[in-house]
Amino acid sequence: MFRAHKKPKKTKKQLWHPDVSPIEEGGSLSFGQVMKVAIAMQKLCEKEGNIPSEVEIIIPSEQPIAVTFIADLHIGDRGTDNEALYADMKFLKDTPRLYAIFGGDIINNAIFGLKQSSMDMVLRQNLTVSLQWRAYEELVNELKDKILCMSTGTHEDWSMAVTGVDWVQKLAARQGIVYTGHGGLIKLKVGEIEYRIFRRHHYPYHTSFNPLHSVKRMWDMGPHDFDIGVLEHRHRAAIETFDRHGEERIALRCGSYKTYDEYARKLGYYGMRPANPTVILWSDKKRMLPFLHMMDAVEALRGLPHGQS
């Protein structure tokens, strides 16, 4: 014989309610107190290092000098021409009256887990990220008397994305080198003459048909009137002069030592080559002479009379 079981009674669902009881006296915070903490921390962060939008650099020279613009070395990538890179950095170190402005993407810095750096980019590196930063540090240490200022790029930013620390800024500070972040106006005084140089790692309005179009738009639409405009990032070296307000200006784009780039090939881009655009600057009159390659500029610099002409 089977006995029927009684159906269990339905019970009401118990809802969870948060505890909204007031904070005990002494543990409460006013909006004003929170703002005081925020303001104090903001001032502390400013002391840690807000990046200036304008910097001034003086070279007390009575002779013309040359300034070369170096970016997109991509140290650590398998497609980087390391022999050319090493030879050019040694040439920079050993050449009198030749100075450098360092841009972004000096290291490749592909970090696994970031959306911007894919797994194949990580695997195509022949140096670990740690060794890349060490190489960067040693390069700056060797060239600290040659580097007028330093900047950052998209690849260095990947370390900041995972740490919250601008390691290029820290590196520049350790060597006492001016730092301009992703871009800034450099008022470079050579002897008696001031030259206004505005560089950025990246800027909009680019076109594949004219690599210097965005440099001119940077003059027209950007925040600064400059004599020399410099962009990096796209690995296509180019130089051009153009006029604005009756004065000659110079537009530059840096090349890259990453001469084999599978990603660029996939998108149909070719012709990447090492090229550090360089400009000879006179110290007794405002005169600028641009070259696509650093060594060509130095050859011309050596041929100038010491009295300038």
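Which residues of helix α7 (residues 213-221) are buried? The legends below take up this question and then visit other close-up views of the model, which is a predicted one.

**View 1. The buried residues of helix α7 and the strands that cover them.** Welcome to α7, where the buried residues are S214, V215, K216, R217, M218 and W219. Strands feature in their covering, which includes β7 (193-200), β8, β9 and β10 (247-253).

**View 2. S151 in the loop between β4 and α5.** Here we look at S151, placed after β4 (147-150) and before α5 (154-163), in the loop that joins the two. S151 has a relative accessibility of 0%, which is under the 20% cut-off, so this serine counts as buried. Its side chain makes a polar contact with the side chain of R199, at 2.7 Å. Beyond four places in sequence, the residues in contact with S151 are F102, G103, Y136, V168, Y179, T180, G181 and R199. Two of these names return in View 5: Y136 on the α4 side and V168 on the α6 side of a helix contact.

**View 3. Helix α2 packed with helix α9.** Two packed helices are described by the angle between their axes and the distance between the axes. For α2 (residues 82-94) and α9 (residues 294-303), the angle is about 25° and the axes are 11 Å apart. The two helices are therefore roughly parallel. Their crossing is left-handed. On the α2 side, D88, F91 and L92 make the contact, and on the α9 side M294, M295, V298 and R302 take part. Sorted by class, the contact has five nonpolar residues, two charged residues and no polar ones.

**View 4. Helix α2 again, now with helix α4.** The axes of α2 and α4 (residues 129-143) come within 10 Å and cross at roughly 25°. This angle makes α2 roughly parallel to α4. M89, L92 and K93 of α2 meet L139, E142 and L143 of α4. Four nonpolar and two charged residues make up this contact, with no polar residues. If you have just come from View 3, look for L92 of α2, a residue in the contact with α9 and also in the contact with α4.

**View 5. Helix α4 with helix α6.** Staying with α4, we turn to its partner α6 (residues 167-175): the axes come within 10 Å and cross at roughly 30°. An angle under 35 degrees counts as roughly parallel, so that term describes α4 and α6. The crossing of α4 and α6 is right-handed. From α4, the contact uses W133, Y136, E137, V140 and N141; from α6, it uses W167, V168, L171, R174 and Q175. These residues divide into six nonpolar, two polar and two charged.

**View 6. N109 and H233, two residues with positive phi.** N109 is not a glycine, yet its phi is positive, at about 60°. You will find N109 in the loop between β3 (98-102) and α3 (119-123). With a relative accessible area of 0%, N109 is buried. H233, also a residue other than glycine, has a positive phi near 80°. The loop between β8 (228-231) and β9 (238-244) is the place of H233. H233 is partly exposed, and its relative accessible area is 25%.

Conventions: Residues numbered from 1 in each chain as written. Predicted model: local features only at pLDDT ≥ 70, side-chain atom pairs only at ≥ 80, totals over all residues. Heavy atoms only, no water. Helix = DSSP H or I, 4+ residues; strand = E, 2+ residues; numbered from the N terminus. Buried < 20%, exposed > 50% of the residue type's maximum accessible area, 1.4 Å probe, protein only. Polar contact = N/O pair within 3.5 Å; in protein donor to acceptor, adjacent residues only side chain to side chain. Contact = heavy atoms within 4.5 Å. Axes fitted to C-alpha atoms, helices over the stretch in contact; angles between N-to-C directions. Parallel < 35°, antiparallel > 145°, perpendicular 65-115°, else oblique. Left-handed = near helix turned anticlockwise from the far one by under 90°. Nonpolar A, V, L, I, M, F, W, Y, C, P; charged D, E, K, R; others polar.
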